[in-house]
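Could you walk me through this protein model, starting at its surface and working towards the inside? Please keep the structure open while you read.

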Amino acid sequence: MGVLKSSIKTLKKMSPIIFMEYAPYLFYEHGSNIKEFNNFLKEYNYKIFDLNFKKLNNVKVPNGSSTDIILIKNK
């Protein structure tokens with residue numbers, strides 16, 4: 001979340017496509033949570049896609065695991 005929060009000025013000016021590793025366990029390790037991540041996406045109008053650009057409503061990964069996702073701003 002820290003990297004996303006630090007990019008708020010850019011996200012307000014531009015609509016970059018964001019490629020990231022989604023690892024829910026790291027949210028908790030760094031003082032955040034999944035709800036905060038989802039609120040951030042909603043506030044900045046981003047949607048989640050898999051690497052084949054298929055829209056995802058929920059990202060499910062096994063505990064302690066991660067997956068790659070793409071965030072695209074809905075215009």
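Is G31 buried or exposed? The model you are looking at is a predicted one, and in it G31 counts as exposed, because its relative accessibility is 69% and the cut-off for exposed is over 50%. You will find G31 in the loop between helix 3 and helix 4. Now look for G2, which is 29 residues away from G31 along the chain. The C-alpha atoms of these two glycines are separated by 9.7 Å.

Stay in this loop for a moment, since H30 and S32 are worth a look too. H30 also has its place between helix 3 and helix 4. With a relative accessible area of 63%, H30 is exposed. For a sense of distance, take S6: H30 and S6 are 24 residues apart in sequence, and 14 Å lies between their C-alpha atoms.

S32 sits in the loop that runs between helix 3 (24–29) and helix 4 (34–43). Here the picture changes: S32 is buried, because its relative accessible area is 10%, and buried means under 20%. Its side chain has a polar partner as well, for the side chain of S32 makes a polar contact with the side chain of E36, at 2.6 Å.

Next, follow the chain to the other end of helix 4. N45 lies in the loop between helix 4 and strand 2. Its backbone deserves a glance: N45 has a positive phi of about 60° although it is not a glycine. N45 is partly exposed, with a relative accessible area of 32%.

Where else can you find a positive phi in a residue that is not a glycine? Try F53, with a phi of about 65°. F53 is in the loop between strand 2 (46–49) and strand 3 (55–56). This phenylalanine is partly exposed, at a relative accessible area of 46%. F53 also belongs to a nonpolar surface patch of about 440 Å², which it makes together with I17, F19 and L51.

From the patch, let us turn to strand 2, where F49 has its place. F49 counts as buried, because its relative accessibility is 16% and the limit for buried is under 20%. Leaving out residues up to four places away in sequence, F49 touches K54, K55, L56, I69, I70 and I72. I8, by contrast, is 41 residues from F49 along the chain, and the C-alpha atoms of the two are separated by 20 Å.

Finally, let us go inside. How many residues does the largest nonpolar core have? It has 15, and those with the most contacts inside it are I18, F37, Y46, I48, I69 and L71. Several elements build this core: strand 1 (18–22), helix 4, strand 2 and strand 4 (67–73) each supply at least two of its residues.

I18 makes a good place to end the tour. Which residues are in contact with I18, once its neighbours within four places in sequence are left aside? They are L4, L11, Y46, I69, I70 and L71. Among these partners, Y46, I69 and L71 are also listed with I18 as residues with the most contacts inside the core. If you colour the core residues named here, you can follow I18 and its partners by eye.

Key: Residues numbered from 1 in each chain as written. Predicted model: local features only at pLDDT ≥ 70, side-chain atom pairs only at ≥ 80, totals over all residues. Heavy atoms only, no water. Helix = DSSP H or I, 4+ residues; strand = E, 2+ residues; numbered from the N terminus. Buried < 20%, exposed > 50% of the residue type's maximum accessible area, 1.4 Å probe, protein only. Polar contact = N/O pair within 3.5 Å; in protein donor to acceptor, adjacent residues only side chain to side chain. Patch = residues over 30% accessible without salt bridge, like charges linked within 9 Å, V, L, I, M, F, W, Y side chains within 5 Å. Areas by Shrake-Rupley, 256 points an atom, 1.4 Å probe, with all protein chains shown as cover. Salt bridge = Lys/Arg side-chain N within 4 Å of Asp/Glu carboxyl O. Core = buried A, V, L, I, M, F, W, Y, C linked by side-chain atoms within 4.5 Å. Contact = heavy atoms within 4.5 Å.
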